[in-house]
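Here is a short tour to keep beside you while you turn the structure on screen. The notes are grouped by topic, so feel free to jump to the part you need.

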Amino acid sequence: MTNTASSFPTAISVAEARARIVALAAARPLPAERVALDAAYGRVLAHDVRGDDDVPAYANSAMDGYALRGADLPAEGERTFALVGARLAGDGRPAAVGEGECLRITTGAPLPAGADTVVIKENVRLEGAGVIVAAGETAGANVRPAGEDYRAGEFAFAAGTVLTPARVGVLASFGLVNVAVARAPRAVVLTTGDEVVAPGMPLEYGQVYNSNRASLAGLLRGAGAQLVRHEHVRDDPAALEDALRRAARDADLVVTSGGVSAGEADFMPALIARVGRVDFWKVRIRPGMPMLVGEIGTALVCALPGNPVSGMATFLTLVTPALAALAGRSDDVSPWYARVAVPIVKNHRRAEYQRARRESRRDGSVWVTPFPRQGSGVLRSVAEADCLIVLPEETASLAVGDIVEFLPLPGQ
Ligand SMILES: Nc1nc2c(c(=O)[nH]1)N[C@H]1C(S)=C(S)[C@@H](COP(=O)(O)OP(=O)(O)OC[C@H]3O[C@@H](n4cnc5c(N)ncnc54)[C@H](O)[C@@H]3O)O[C@H]1N2
Ligand code: MOO
């Protein structure tokens with residue numbers, strides 16, 4: 001459906017909204033910057049990464065024991081090897097073993113020339129300068145070949161990969177001290193509403209504490225964005241317009257909360273249309289139907305509904321993919337599925353994201369139970385949930401055991 005008066009689509013499907021917001025984000029890719037590895041966790045690789053050299057760079061022992069030639073191991077009975085030296089990890093001086101010889105070695109030390117096998121120290125008997133090995137050992141055992149982890153020049157990670165602790169560890173194992181990542185998306189949050197007051201202030205009758213500021217800050221951080229600033233703006237068109245213009249100058253993404261619906265003080269749609277461009281307004285989603293997406297200058301603007309649950313649900317379903325696209329992040333978007341543990345009835349034609357808890361049973365099946373109170377002001381429903389179950393537009397009811405898609409909540 002298109003709003004002819006202002007020529008932007010309205011009441012669009014979640015899939016269309018996601019495609020539109022991702023396209024807007026992907027059209028404004030963030031520049032790369034180099035960061036030290038310690039600052040790289042959670043960041044998004046700007047380039048493909050390959051290691052220059054083998055990791056490990058040399059064949060080494062996987063255990064504390066004796067390095068020898070596998071061909072010398074006894075097929076039956078015992079054999080005594082002549083101990084020709086010792087090598088600790090870090091000792092790179094030349095060393096070799098010949099036929100019938102062995103060298104004491106610790107975990108991580110380079111294998112001496114000639115050796116291809118390590119017998120662990122628990123499995124040998126020492127007699128004078130002799131090391132006695134019984135039959136039953138395996139040639140080639142307990143050795144980590146050069147390049148076992150990564151071969152020289154081997155592809156490691158693609159641009160768009162999120163750097164987890166293990167991936168940062170791999171970069172360090174390549175000897176890198178810094179890495180090129182996408183600049184973290186800069187976000188400004190504007191909460192609105194004359195009834196909304198900051199925690200710490202006295203609460204008058206008719207007022208509510210600002211919970212959206214806290215929830216949105218956490219969601220932004222969890223999605224890899226940097227919160228540049230938060231402002232609370234009163235329901236005054238001039239103040240809102242000024243705040244929107246300033247936010248758009250300082251941010252890649254402006255997230256607003258409230259004032260986007262049909263009330264007399266819901267100024268956001270007209271203001272965004274005036275200072276920028278509205279890409280769409282209203283999505284066939286519950287909660288969060290009045291969400292609006294647009295652009296002001298170079299910034300992407302997501303105007304979220306003020307209801308705390310609606311703001312969080314639209315953030316998770318639509319803003320999170322936009323942040324991923326801004327950073328060029330290649331997320332694994334394969335859906336998760338579970339069975340519903342209780343019957344569900346849906347009496348509207350929007351897609352619904354119900355707050356739920358999941359439980360995995362011994363038979364390997366996963367079950368989800370929606371929170372009993374799904375009101376868009378019941379923040380507790382998100383606080384106590386660990387996933388959102390996705391009820392598509394066309395779904396009217398589900399019986400116990402029916403399969404639904406679900407979205408795990410981040411940071412659990
Ligand atoms: N006649 C209609 N009324 C409403 C419609 C509609 O289509 N026609 N849509 C409803 C839906 S759905 C939603 S969702 C809300 C969204 O309204 P707004 O985005 O304009 O949000 P506000 O009216 O400003 O606030 C809604 C609600 O949330 C509380 N709020 C706002 N900001 C905060 C904050 N920072 N922290 C905590 N709570 C906040 C606010 O006090 C209101 O209770 O509109 C429906 N109405
Ligand atoms: O869509 Mo509103 O978010 O139902 O409360």
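Strands, such as the two that will frame Pro 56 below, are DSSP runs of at least two residues, numbered from the N terminus. The model itself is predicted. Its average pLDDT over the chain is 96, and 99% of the residues score at least 70. For the complex, the predictor gives an ipTM of 0.98 and a pTM of 0.92.

**Domains and how two of them meet**

- The chain is divided into domain 1 (2–30 + 184–326), domain 2 (34–55 + 148–182), domain 3 (60–144) and domain 4 (336–408).
- The centres of domain 1 and domain 4, taken over C-alpha atoms, are 26 Å apart.
- Where these two domains touch, domain 1 contributes 16 residues and domain 4 contributes 14 residues.
- On the domain 1 side of this contact, the elements giving two or more residues are β21 (285–286) and α6.
- Of these, α6 supplies the largest share of that side, with seven residues.
- That same side of domain 1 is made up of nine nonpolar, five polar and two charged residues.

**Ligand 1**

- Which residues come closest to ligand 1? Its shell holds 26 residues, and the closest are Asn 212, Gly 258, Ser 261, Pro 305 and Gly 306.
- Two or more residues of this shell come from each of α3 (212–222) and α6 (308–326).
- Sorted by class, the shell around ligand 1 has nine nonpolar, 14 polar and three charged residues.

**Ligand 2**

- Ligand 2 has Arg 286, Pro 287, Gly 288, Met 289, Pro 305, Asn 307, Ser 310 and Ser 376 around it.
- By class, the surroundings of ligand 2 comprise three nonpolar, four polar and one charged residues.
- Pro 305 appears in both places: it is among the closest residues to ligand 1, and it also belongs to the shell of ligand 2.

**A six-stranded open sheet**

- Six strands form an open sheet in the order β9-β6-β8-β7-β11-β10, and their pairing is mixed.
- Why do β9 (117–120) and β10 (124–127) each have one side left without a neighbour in the sheet? Both stand at the edges with a single partner strand each, so one side of each is left without a neighbour there.
- On average, neighbouring strands in this sheet are turned by 40° against each other, direction ignored.
- At one end of the order, β10 pairs with β11 (residues 130–134) in the antiparallel sense, over four bridges.
- Within that pairing, Glu 127 has Gly 130 of β11 as its bridge partner.

**Strand pairs around β27**

- β27 (residues 366–370) runs parallel to β24 (residues 336–340), and two bridges join them.
- Val 340 is matched with Val 368 of β27 as its bridge partner.
- β27 also pairs with β26 (residues 351–360), this time antiparallel and through five bridges.
- Across from Trp 367 in β27 you will find Glu 359.
- β26 and β27 make a hairpin with five residues between them, and Gly 364 in the turn has a positive phi of about 90°.

**Backbone details to look at**

- As background, most residues other than glycine have a negative phi, and most peptide bonds are trans.
- Where does the chain carry a cis bond into Pro 56? The peptide bond from Val 55 to Pro 56 is cis, with omega near -5°, and Pro 56 lies in the loop between β4 (49–50) and β5 (60–61).
- The peptide bond from Arg 286 to Pro 287 is cis as well, with omega near -5°.
- Pro 287 sits in the loop between β21 and β22 (292–296); both Arg 286 and Pro 287 are part of the surroundings of ligand 2.
- Ala 11 is not a glycine, yet it has a positive phi of about 55°; you can find Ala 11 in strand β2 (residues 8–12).

Technical notes. Residues are numbered from 1 along each chain as its sequence is written. Chains are lettered from A and ligands numbered from 1 in the order in which they are written. This is a predicted model: local features need pLDDT of at least 70, side-chain atom pairs count only at pLDDT 80 or more; totals for chains, interfaces and linings use all residues. A residue is near a molecule or strand if its C-beta atom, placed from the backbone, lies within 6 Å of it. Ala, Val, Leu, Ile, Met, Phe, Trp, Tyr, Cys and Pro count as nonpolar, Asp, Glu, Lys and Arg as charged, and the others, Gly among them, as polar. pLDDT is the predictor's confidence in each residue, from 0 to 100. Domain bounds come from an automatic or database domain assignment. Two residues are in contact if their C-beta atoms, placed from the backbone, lie within 7 Å. Two strands pair if DSSP finds at least two bridges between them. Axes are lines fitted to C-alpha atoms, for helices over the stretch in contact, and angles run from 0 to 180 degrees between N-to-C directions.
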